Amino acid sequence: MRNKSIKKISWFVLVVFLFTLVNCSSLSTTKAKAVNNITGTEKAVLVSNFMKENNLGNDWDPANDSGKLKEYKNGIYEETFKLKKNKKYEYKIAMNGTWDESYGKDGGEDNIILNTGDAEEVTFRLDLINKKVYDSINNPEQFKTKAILT
């Protein structure tokens, strides 16, 4: 009786093994595609009409290192700046010290409007992989978690 049980179990294991082997051999292998073109040498700079007024260098200057955002993991760039209260400003993010690549409203070329209200500090974030720009006033939900340094 015991030998019959062992024989049935052995046949079952053999069938499962062969079934698994056949299914695995039919899978094709492909190389993973790059998710983004981030090389780790990018420099994201906040450019705006509030830089000079807030002692942060020249307005709309993509080479202004005072507006440089810190690089974090997964293509995230972020920095907090102290700005004047109750002001209306415009901004976007320029890459690598030029206007060749920049991100504004909805990842496009339009400037993003910022009304500071009572806020003294505003955090700006660029998600380079998704080509999206956020700030802690217009998009507070984006700042519930902190970015992780690379």
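Start by selecting asparagine 74, which counts as exposed at 62% relative accessibility. Keep in mind as you go that this is a predicted model. Asparagine 74 is found in the loop between strand 2 and strand 3. Now add leucine 128 to your selection: its C-alpha atom is separated from that of asparagine 74 by 8.4 Å, although the two residues are 54 apart along the chain.

**The open sheet**

From the loop, step out to the strands on either side. Strand 2 and strand 3 (residues 76–82) pair in the antiparallel sense, over two bridges. To see one pairing, pick glutamate 71, whose bridge partner in strand 3 is tyrosine 77.

Now colour strands 2, 3, 7 and 8. These four strands form an open sheet in the order 2-3-7-8, with antiparallel pairing. Which strands stand at the edges? They are strand 2 (70–71) and strand 8; each has a single partner strand, so one side of each is left without a neighbour in the sheet.

**The hairpin**

Zoom in on strands 7 and 8. Strand 8 covers residues 132–135, runs antiparallel to strand 7 and is joined to strand 7 by four bridges. The two strands form a hairpin with four residues between them. In the turn, click on lysine 131, which has a positive phi of about 55 degrees.

Arginine 125 is a good next stop. Its bridge partner in strand 8 is tyrosine 134. Show the side chain too: the charged end of arginine 125 sits over the ring of phenylalanine 143, 4.6 Å from the ring's centre.

**The aromatic cluster**

Next, display the aromatic rings. Across the whole structure, a search finds four aromatic pairs. For one of them, select tyrosine 91 and phenylalanine 124: the ring centres are 4.8 Å apart and the planes stand at 75 degrees, so the pair is edge-to-face. Tyrosine 91 lies in strand 4 (residues 88–95) and phenylalanine 124 in strand 7 (residues 121–127), so this pair ties together parts that are 33 residues apart in sequence. Are these two residues buried or exposed? Both tyrosine 91 and phenylalanine 124 are buried.

Widen the selection to Phe50, Phe81, Tyr89, Tyr91 and Phe124, and you have a cluster linked by ring pairs.

**The nonpolar core**

Some of those names return here. The largest nonpolar core has 21 residues, and the ones touching the most other members are Leu46, Phe50, Leu83, Phe124 and Leu126. Strands 1, 3, 4, 6 (112–115) and 7 each supply at least two residues of this core. Strand 4 gives the most, with four residues. As background, nonpolar side chains tend to be buried together in soluble globular proteins.

Pick leucine 126 and show its surroundings. Leaving out residues up to four places away in sequence, leucine 126 touches ten you can highlight in turn: Ala44, Leu69, Gly75, Ile76, Tyr77, Ile93, Met95, Tyr103, Lys132 and Val133.

**Last stop: serine 48**

Finish with serine 48, placed in strand 1 (residues 44–48). Serine 48 is buried, with a relative accessible area of 0%. What lies 3.1 Å from a polar atom of the serine 48 side chain? That is the backbone nitrogen of phenylalanine 50. Setting aside residues up to four places away in sequence, serine 48 also touches Asp59, Trp60, Glu90 and Tyr91. Tyr91 brings you back to the aromatic cluster, where it is linked through ring pairs.

Definitions and conventions: Residues are numbered from 1 along each chain as its sequence is written. This is a predicted model: local features need pLDDT of at least 70, side-chain atom pairs count only at pLDDT 80 or more; totals for chains, interfaces and linings use all residues. Side-chain values use heavy atoms; hydrogens and water are left out. Rings of Phe, Tyr and Trp (its six-membered ring) pair if their centres lie within 6.5 Å; planes under 30 degrees apart count as stacked, over 60 as edge-to-face and the rest as tilted. Buried means under 20% relative accessible area, exposed over 50%, partly exposed in between (1.4 Å probe, protein chains only). A charge sits over a ring if NZ of Lys or CZ of Arg is within 6 Å of the ring centre and within 35 degrees of the ring normal. A polar contact is a pair of N or O atoms within 3.5 Å; within protein, one must be able to donate a hydrogen and the other to accept it, and residues adjacent in sequence count only if both atoms are side-chain atoms. Contact means heavy atoms within 4.5 Å. Two strands pair if DSSP finds at least two bridges between them. A nonpolar core is a set of buried Ala, Val, Leu, Ile, Met, Phe, Trp, Tyr and Cys residues joined through side-chain atoms within 4.5 Å.
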